[in-house]
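Me: Could you take a close look at how charged side chains pair in this structure, and set that pairing in the context of the fold around it? I would like one connected account rather than a list.

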Amino acid sequence: MAAVNTQRALDLEEVAAWKVNCPDAGEQKIALKADSAGFNWSAQDVENFWEAVVSGRPLGSFTLRRGDGLPVLEDGEQRATAVALGFYDPWEKNADAWEGLQKEGMRRFSPQPEGPRGILWIDLAKPAQEGVSYVFRLVTHDEPWGFLRNRKGHLPAHGARLAWENFIRVVRCQKEIPANESLPGWASGDTLPLAWAWPWDAKTPMPFSLLCELAGIATPEWEEFLLFSIENNPMWQLDCPMPTAATHCWKEKICQILKHREGEDYQRLSALVKLLPGALKGRIPVVEAE
């Protein structure tokens, strides 16, 4: 009998559930090809993918092959991981779900090369580049403070040093470690917990997973939801500033935007909240082969 191919469209949350815990999408399990090369997209590839999502551009497709066991992802592994990075929330329920995630003093990605590592942020400020709707920022163990906002390279040494100094100050503040005492071993190198990293060259950054979660809730009181999520996260203590190159504290700036509900950044956030539920729905065609 000839093989039968069927095609359907998946919501991005259903794709993300292949990699992270997404309760609203149900349990979604797949297998990778035996010769899978792992994740090799660059940070800019991931950022460009999500800019395409919010801009309504085509996102490519997936090919699944069904057999006796789990469906095998024949094509689209890079896109699947990029999707999951947008939904990954290391501060809450997804923290134990990512393959290879371990606990070493606190939650973090495993440094093993086969484990995708990164947290996606979005900068609400208007991009300088023409034709770009929003600036997405991926922080990784290699680049825990992200790249330049204009996507033209790495942070200069001065910027990276300032970001590192502020990270150390935050660790000491959060963990109440005196200046004359050594930092814990996880606060260095490839064990640096990305849940405490943030893009340095940014104007109005916020974790994108909060917006993905909000899109699934569809509450009209979205400002209260985001404000509660930020103010009540124990890792984002508002008395311990997390500055960027352009602002005193990203947390404080986002909270002020949500409280006052005015200004260009608020208008851009409001527009994003309205478009995101539709942008995440039924966007990726999946071909299923027997």
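Reply: Of the 290 residues in the chain, buried ones make up 51%, and this figure, like every other one here, comes from a predicted model. The accessible surface of the chain amounts to about 13400 Å², with 49% of that area belonging to carbon and sulfur atoms. In terms of secondary structure, the chain has 8 helices and 10 strands. If one takes the contacts between residues at least 6 apart in sequence, 66% of them join residues at least 24 apart.

Against that background, the charged pairs can be taken up. Side chains of opposite charge can pair when their charged atoms come close. Searching the whole structure for such pairs gives 12 salt bridges, among them one between the side chains of Arg149 and Asp123, with an N to O distance of 2.7 Å. Arg149 sits in the loop between β8 (135-139) and α4 (157-175), while Asp123 belongs to strand β7 (residues 119-123), so this pair ties together parts that are 26 residues apart in sequence. As for cover, Arg149 has a relative accessibility of 8% and therefore counts as buried, and Asp123, with a relative accessible area of 0%, is buried as well.

The salt bridge between Arg161 and Glu165 has a different setting within the chain, since both residues lie in helix α4, where they are 4 residues apart and thus separated by about one helical turn. The side chains of Arg161 and Glu165 meet at 3.0 Å, N to O. With a relative accessible area of 42%, Arg161 is partly exposed, and Glu165 is likewise partly exposed, at 39%.

A further salt bridge joins the side chains of Glu231 and Lys259, with an N to O distance of 3.3 Å. Here the pair links distant parts of the chain, because Glu231 lies in helix α6 (residues 222-231) and Lys259 in helix α7 (residues 250-260), the two being 28 residues apart. Glu231 counts as partly exposed at 32% relative accessibility, and Lys259 also falls in the partly exposed class, at 45%.

The loop between α6 and α7 holds Thr244, a residue that is buried, with a relative accessible area of 5%. A polar atom of the Thr244 side chain lies 2.8 Å from the backbone oxygen of Ala202. Once the neighbours within four places in sequence are set aside, Thr244 is in contact with Trp198, Pro199, Trp200, Ala202, Pro205 and Trp250, so that Ala202 appears in this list of contacts, which counts heavy atoms within 4.5 Å.

Beyond these pairs, Arg8, Arg66 and Glu288 are linked in a network of salt bridges, and the strand pairing gives a context for Glu288. Strand β3 (residues 62-65) and strand β10 (residues 284-289) run parallel and are joined by 4 bridges, with Leu64 of β3 standing opposite Glu288 in β10. Leu64 belongs, together with Phe62, to the covered face of β3, whereas Thr63 and Arg65 make up the uncovered one. Strand β3 also pairs in the antiparallel sense with strand β4 (residues 72-75), over 3 bridges, and in that pairing Thr63 stands opposite Asp75 in β4. With 6 residues between them, β3 and β4 form a hairpin.

Helix α3 (residues 77-87) is mostly covered, with 11 of its 11 residues buried. Residues of charged type occur among the buried ones in this helix, including Glu77 and Arg79, and the buried set also includes Gln78, Val83, Leu85 and Phe87.

For covalent links between side chains, a disulfide is a bond between the sulfur atoms of two cysteines, and a search of the whole structure finds 0 disulfides. Two cysteines may still be placed by their cover: Cys173, at 29% relative accessibility, counts as partly exposed, whereas Cys212, with a relative accessible area of 4%, is buried.

Returning to the charged pairs, Arg149 and Asp123 are both in the buried class, while Arg161 and Glu165 are partly exposed, and so are Glu231 and Lys259.

Technical notes
Residues numbered from 1 in each chain as written. Predicted model: local features only at pLDDT ≥ 70, side-chain atom pairs only at ≥ 80, totals over all residues. Heavy atoms only, no water. Salt bridge = Lys/Arg side-chain N within 4 Å of Asp/Glu carboxyl O. Buried < 20%, exposed > 50% of the residue type's maximum accessible area, 1.4 Å probe, protein only. Disulfide = S-S within 2.5 Å. Areas by Shrake-Rupley, 256 points an atom, 1.4 Å probe, with all protein chains shown as cover. Polar contact = N/O pair within 3.5 Å; in protein donor to acceptor, adjacent residues only side chain to side chain. Pairing = 2+ DSSP bridges.
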